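Could you walk me through this model in my viewer, one selection at a time? I would like to know what to pick next and what I will find there.

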Amino acid sequence: MPNSIFPAATQPDIALSAALDAIDRAPSTSARLRAVADVLHRWGFGRVMAVLRDANLSPQTIATVGDSDPATAPDALQALPGVIWRQRLQLLTPYAEADWYRLPGDDVWVAREFWASTPATRFRKTDWTPLDLIIAFIYGSDGDILGTVMLSDVEGERRPDRHRAVEVTALLRHLGVRLAFDTLKGLAQRRAERLQRLQEAGVAMARSLDEGEIVR
C-alpha cells in the first residue's frame, strides 16, 4: 500500500527505548499491559484497548485508554469473547498491512463487524475516518496469540506510517517476551516452593519415624 495512505507521523512523545524500559520496570502483568496502552496513547492513538487472552482467546486482563468504561465503549473497543475473535482471525488477512491490520471504516464488513454501523464516508484517500481501526496482536514465543490490541481515533497530524507500524510491533513483541519470562519465572518459583515442601516433609518424617519404617 502506498505510503501516502499514512502521512508521516510527528515525533513521538516517548521514544521506543523508553517505552520498552517502561514495560520492563512495570511490577506486574497488568501493569506491563497498562504501560503498553499508555505508550500507544502517547503515540497518537486516541482510543486504545489492549487485552491479554487465554488459549481460547477469552479475555483475561484488559487495559484501556480513551474510554473509562469498556462496557459502554463503541463495539470496536469492547473485550469480546474468544469465540468471536477466533472467527475474526480468518477474515483479517485481506487487511494486512506491514505488521498490523488496518481496517478501513468505509468498508461494509468493518463498519458492521466492529462498530455495528453503516460505513463511514471517505472524501479523500488520505482521510482517516472515525471508523478506521488498527488491530495488532501480542504473540508468544511459539507464535501463539497472547493478546489483542485495537487502536482508533488517530490524531490528524500523527497518522501512523510504516515506521510507526514497526515500532508498535517491536513494542508488542517485547511485551510478549516479558510475559513469557514472567510465566517461566512463576513456574520456576512454584516448582521451587513444591520442592521445599517435599524436603520439609522428608525431614519431618526422618524425625518422627525409625529407620525401618522409613525404608518400608
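Start with the largest nonpolar core of this predicted model. It has 30 residues, and those with the most contacts inside it are Leu40, Phe45, Ile138, Val149 and Leu171. Select the elements that feed this core: helix H1 (16-25), helix H2 (29-42), S1, strand S2 (59-65), S5, S6 and H5 each supply at least two residues. Helix H5 gives the most, with six residues. In general, nonpolar side chains of soluble globular proteins tend to be buried together.

Now centre the view on Leu40 and show its surroundings. Not counting residues up to four places away in sequence, Leu40 touches Phe45, Val48, Val149, Leu151, Val168 and Leu171. Apart from this core lies another one, of 18 residues, among them Leu92, Trp115, Leu131 and Ile135.

**The sheet**

Switch to a cartoon view and colour the strands. Six of them form an open sheet in the order S2-S1-S6-S5-S4-S3, with antiparallel pairing. At the edges are S2 and S3, each of which pairs on one side only.

Zoom in on the S2 edge. Strands S1 and S2 run antiparallel and are joined by six bridges. Two facing pairs are handy to label here: Val51 stands opposite Ile62 in S2, and Ala50 stands opposite Ala63 in S2. As a rule, side chains in a regular strand alternate between the two faces of the sheet. Follow the hairpin of S1 and S2 through the five residues between the strands, and you will meet Leu57, which takes a positive phi near 70 degrees.

Stay with Val51, which is found in strand S1 (residues 45-53). Is Val51 buried or exposed? At 1% relative accessibility, Val51 counts as buried, since the cut-off for that label is under 20%. Leaving aside neighbours within four places in sequence, select the contacts of Val51: Leu33, Pro59, Thr61, Ile62, Ala79, Leu146, Gly147 and Thr148. If you draw a C-alpha to C-alpha distance from Val51 to Leu33, you should read 7.9 Å, although the two are 18 residues apart in sequence.

**Helix H4**

Next, select residues 108-115, which make up helix H4. Which residues of H4 are buried? They are Trp109, Val110, Ala111, Phe114 and Trp115. What covers them includes helix H3 (82-89), strand S4 (100-103), strand S5 (133-139) and strand S6 (145-154).

Look at both ends of this helix. The N-terminal end of H4 is capped by Asp107, with a side-chain oxygen 2.9 Å from the backbone nitrogen of Trp109. Just after H4, Ala116 takes a positive phi of about 50 degrees.

**Aromatic rings**

Show the aromatic side chains as sticks: the structure holds five aromatic pairs. One of them is Tyr95 with Trp109, a stacked pair at 5.7 Å centre to centre and 20 degrees between the planes. Tyr95 lies in the loop between H3 and strand S3 (96-97) while Trp109 is in helix H4, so the pair ties together parts that are 14 residues apart in sequence. Both Tyr95 and Trp109 are buried.

Then move to Tyr101 and Phe137, an edge-to-face pair with 5.9 Å centre to centre and 80 degrees between the planes. This pair links distant parts of the chain, with Tyr101 in strand S4 and Phe137 in strand S5, 36 residues apart. Phe137 is buried, with a relative accessible area of 7%.

Widen the selection to Trp85, Tyr101, Phe137 and Tyr139, which form one aromatic cluster. While Trp85 is on screen, add Arg88: its charged end sits over the ring of Trp85, 5.0 Å from the ring centre.

**Helix H5**

For the last stop, select residues 162-208, helix H5, where Thr169 lies. Thr169 counts as buried at 16% relative accessibility. A polar atom of the Thr169 side chain lies 2.9 Å from the backbone oxygen of Ala165.

Arg164 also has its place in helix H5. How is Arg164 placed, buried or exposed? Arg164 is buried, with a relative accessible area of 3%. Finish by adding Glu167, whose side chain is joined to that of Arg164 by a polar contact of 2.3 Å.

Terms used
Residues are numbered from 1 along each chain as its sequence is written. Side-chain values use heavy atoms; hydrogens and water are left out. Buried means under 20% relative accessible area, exposed over 50%, partly exposed in between (1.4 Å probe, protein chains only). Helices (H or I, at least four residues) and strands (E, at least two) are DSSP runs, numbered from the N terminus. Contact means heavy atoms within 4.5 Å. A polar contact is a pair of N or O atoms within 3.5 Å; within protein, one must be able to donate a hydrogen and the other to accept it, and residues adjacent in sequence count only if both atoms are side-chain atoms. Rings of Phe, Tyr and Trp (its six-membered ring) pair if their centres lie within 6.5 Å; planes under 30 degrees apart count as stacked, over 60 as edge-to-face and the rest as tilted. A charge sits over a ring if NZ of Lys or CZ of Arg is within 6 Å of the ring centre and within 35 degrees of the ring normal. A nonpolar core is a set of buried Ala, Val, Leu, Ile, Met, Phe, Trp, Tyr and Cys residues joined through side-chain atoms within 4.5 Å. Two strands pair if DSSP finds at least two bridges between them.
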